[in-house]
Amino acid sequence: MRPVAAALSLLLATTACTTMGTQPPAASGERMVAPILTTPDALDTSTFAQPQVARVTHVDLDLALDFERKSVGGMATLDILARDDASQIVLDSDGLQVSRVVDARGNELDFDIGETVEGKGAPLTVTIGNARKITIYYTANPQADALQWLSPEQTAGGQYPYLFSQGQAILNRSWIPTQDSPGIRQTWEARITAPEPLDVVMSGVRQGEPEDLGNGRRAFTFVMDKPVPPYLIAIAAGDIDFRAIGRRTGVWAEPAILNRAHWEVADTEDMVEEAETLYGPYRWGRYDMIVLPPAFPYGGMENPVMTFLTPTFIAGDRSLTGLVAHELAHSWSGNLVTNAVWADSWLNEGVTSYFENRIIEEIYGEKRAEQEAALSFAAIEDTLAEVGADAPGTALHQPDGTEGAGSAIVYDKGAAFLRTLEHEVGRERLDAWLRQWFDNHAFEPATSNMIYEDMRANLARDEAEAQRLRLREWIFAPGLPANVARPDPAAFATVDAASRGYAGSGAVPSAADWRKWSSAERQRFLQNLPRERTSEQLAALDRQLALSSTGNNEELFLWLDLALANRYQPAVPQAETFLAEVGRAKFVRPLFATLMGEGDWGQPIAKRIYAETRPGYHAVTRAGVDRVVGWEGG
Ligand code: BES
Ligand code: ZN
């Protein structure tokens, strides 16, 4: 191939390309033959980048963490692949203070930061001329949306500050000047300095021992030699220790919680093995995790080689480790094969939720897997009942400009789709198809059209079968197709009988039965309780089932939500403590919403608590609760 053609095909190969079955067989070692334009469904509207003109292939960060000023600053050196006639590259940025940009020989390059677009940041355009390597000198804003700086009081140890980042979906542009689009994969490396005795981890492999700089600071270096979408670049720093689980797995956490964290995730090495048996080799080397302070806004985040986890999944009985299975599964669905645009995030989350359930089945058995699948299915039904089964946002591929219907579609309907296919074609065929999907698209972006075409070609035997499977309808139409595989009602037979008993005679399950149930069963019972309860009824439930003293945060959340929905005063102090400590949006947002729904009683409580807790929340959680509470800056 001529150099120009090679460069061009590389450029284009970085954004998903679907040719709807018309693609000629690729020549060896070459994915696409230039000039193929990317299809509209792979066009990311959340980036300013123009990867067809010039794109980043490698990021080299050299940054200092300053906990006093809450700032991250230093240099980012970018390798660029560009058309010969390209004289500019457009990067994403959000609140970055750029002082200068130079080429590899140190010559100053012109740059310009354009107008900020709400929620998207601003384009950082660099006039590169012939330069194909540039260094950006910059500092991130102390308010950078990706970063959360915790005070010592927000940690378990209470002595040292803490920092973590959350990149997905488009937050990393607030601390890394690069092309922040899931279809533009980049390798990266980093040198990070931090004050002693803090340790730094990243979503890349740490190189050797930290270097003592002699000024009370240490330098840590990391390498990610596989191209990743930039939302997967992540950092955490704090007073943390490591403990091994298996030969390639381990967990980081603050010393005060390391034992409990380690016990909870002890099945991880086995999970990696089962996942490999299901869908092929784990391609990232190590699989480590860090259990963060409770301010972390998500349950988990699949940062490569270093999954980030909330501590709120620690229940003391491994009942909530579906979270670990989920983040691990993203090592295939999401990190290996990546949604090219966020409208197709079911390709990440839905496929992962299915994969998660398969891991759970292997590790904990069919019953637990069936129960968790049934909980997931109930979430779809609840959402469809709420927004309507014909709401456009209930399609897996989220149409542009519509309000998404939330996680029940992308996660749970996505999982139900693959589960349905499994029922239709059998496990063996489905598994073989999924495995080749991961193999054939490893380290590439994907779209809904691509997976449809792939299912049509490699799963369905012919057009008639594709029709029968309702592939198009599943991916592109709202609601639940008629062939949906429903969960086995036997999964929750016991608990559903108890729910009926309670609804009929008011008989609360015995404490002994309650303790025997799985967490999924207890969650099912709590979810199916009548939404209106008197204080006496709530008190009776709490007395018998010890709901307010459970160590299981999923169950505690359901209890607090029910209690607040019924203006149950005794639950308020505990809700307040919970909201002051936990920043996980999935818990925090609904609790505030429930309070706000309780008029003169709940709204003043919500506003009072939020005024206290808001500064301790990550930008993601703040954004969600601001809307719910009607917060107006201050
Ligand atoms: N990748 C997600 C978290 C995420 C999604 C961050 C969208 C930003 C935008 C992660 O894998 C996830 O799904 N977390 C869930 C875990 C659960 C489904 C087991 C969570 O945080 O609750
Ligand atoms: Zn996920």
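## A buried charged pair in α6

Arg 368 and Glu 372 are both buried in this predicted model. Charged as they are, the two have found each other: a salt bridge joins Arg 368 to Glu 372, with the closest N and O atoms 2.8 Å apart. Both sit in helix α6 (residues 366-387), and because they are four residues apart there, about one helical turn separates them. That fits the usual geometry: an α-helix has 3.6 residues a turn, so residues three or four places apart point the same way.

There is also a salt-bridge network to look at. Glu 424, Arg 429, Glu 465 and Arg 468 are joined into one network by salt bridges that share partners.

## Other salt bridges

The count for the model comes to 34 salt bridges. The background chemistry is simple enough: side chains of opposite charge can pair when their charged atoms come close.

Take Asp 439 and Arg 283, whose side chains meet in a salt bridge at 2.7 Å, N to O. This pair links distant parts of the chain, with the two positions 156 residues apart: Asp 439 is in helix α8 (residues 427-440), while Arg 283 is in the loop between α3 and β18 (287-291). Asp 439 is partly exposed, at a relative accessible area of 35%, and Arg 283 also counts as partly exposed, at 27%.

Then there's Glu 108, which forms a salt bridge with Arg 100, the closest N and O atoms being 2.7 Å apart. Here Glu 108 is exposed, with a relative accessible area of 51%, whereas Arg 100 is partly exposed at 29%.

## The zinc site

Which residues hold the zinc ion (ligand 2)? His 326 and His 330 each coordinate the zinc ion through NE2, and Glu 349 does so through OE, at 1.9 to 2.1 Å. If you want to spot the donors in the sequence, look for the spacing H-x3-H-x18-E.

His 330 and Glu 349 bring together distant parts of the chain, 19 residues apart: His 330 is in the loop between α4 (322-329) and β21 (337-339), and Glu 349 is in helix α5 (residues 346-364). His 330 is buried, with a relative accessible area of 0%. Glu 349 is buried too, at 6%.

## Where domains 1 and 3 meet

The protein is divided into domain 1 (57-239), domain 2 (337-476) and domain 3 (531-629). Measuring over C-alpha atoms isn't needed by hand here: the centres of domain 1 and domain 3 are 36 Å apart. Eight residues of domain 1 are in contact with five residues of domain 3.

About 410 Å² is buried between domain 1 and domain 3, and carbon and sulfur atoms give 55% of that. On the domain 1 side, Asp 145, Gln 148 and Gln 154 lose the most area to domain 3, together 68% of what that side buries. What about charge pairing: how many salt bridges are there between domain 1 and domain 3? The count is zero. Polar contacts do turn up, though, with five residue pairs between domain 1 and domain 3.

## Helix α14, tucked inside

Helix α14 (residues 519-527) is largely enclosed by the rest of the structure, because eight of its nine residues are buried. The buried ones are Ser 519, Ala 520, Glu 521, Arg 522, Gln 523, Arg 524, Phe 525 and Leu 526, so charged residues are on that list as well as Phe 525 and Leu 526.

What do the buried residues of α14 pack against? Their neighbours are α6, α12 (493-505), α13 (511-516), α15 (535-545) and α16 (553-565).

## Two hydroxyl side chains

Thr 277 and Ser 46 make a handy contrast. Thr 277 lies in helix α3 (residues 268-279) and is exposed, with a relative accessible area of 59%. A polar atom of the Thr 277 side chain lies 2.9 Å from the backbone oxygen of Glu 273. From Thr 277 to Ser 535 it is 258 residues in sequence and 51 Å in space, C-alpha to C-alpha.

Ser 46 lies in the loop between α1 (3-13) and β1 (54-66). Buried or exposed? At 19% relative accessibility Ser 46 counts as buried, because the cut-off for buried is under 20%. Leaving aside neighbours within four places in sequence, Ser 46 is in contact with Lys 120, Ile 170, Arg 173 and Trp 342.

How values were computed:
Residues numbered from 1 in each chain as written. Chains lettered and ligands numbered in written order. Predicted model: local features only at pLDDT ≥ 70, side-chain atom pairs only at ≥ 80, totals over all residues. Heavy atoms only, no water. Donors = N, O, S within 2.8 Å, 3.2 Å for Na, K, Ca; no water. Buried < 20%, exposed > 50% of the residue type's maximum accessible area, 1.4 Å probe, protein only. Domains from an automatic or database assignment. Contact = heavy atoms within 4.5 Å. Buried area = accessible area lost by both parts, 1.4 Å probe. Salt bridge = Lys/Arg side-chain N within 4 Å of Asp/Glu carboxyl O. Polar contact = N/O pair within 3.5 Å; in protein donor to acceptor, adjacent residues only side chain to side chain.
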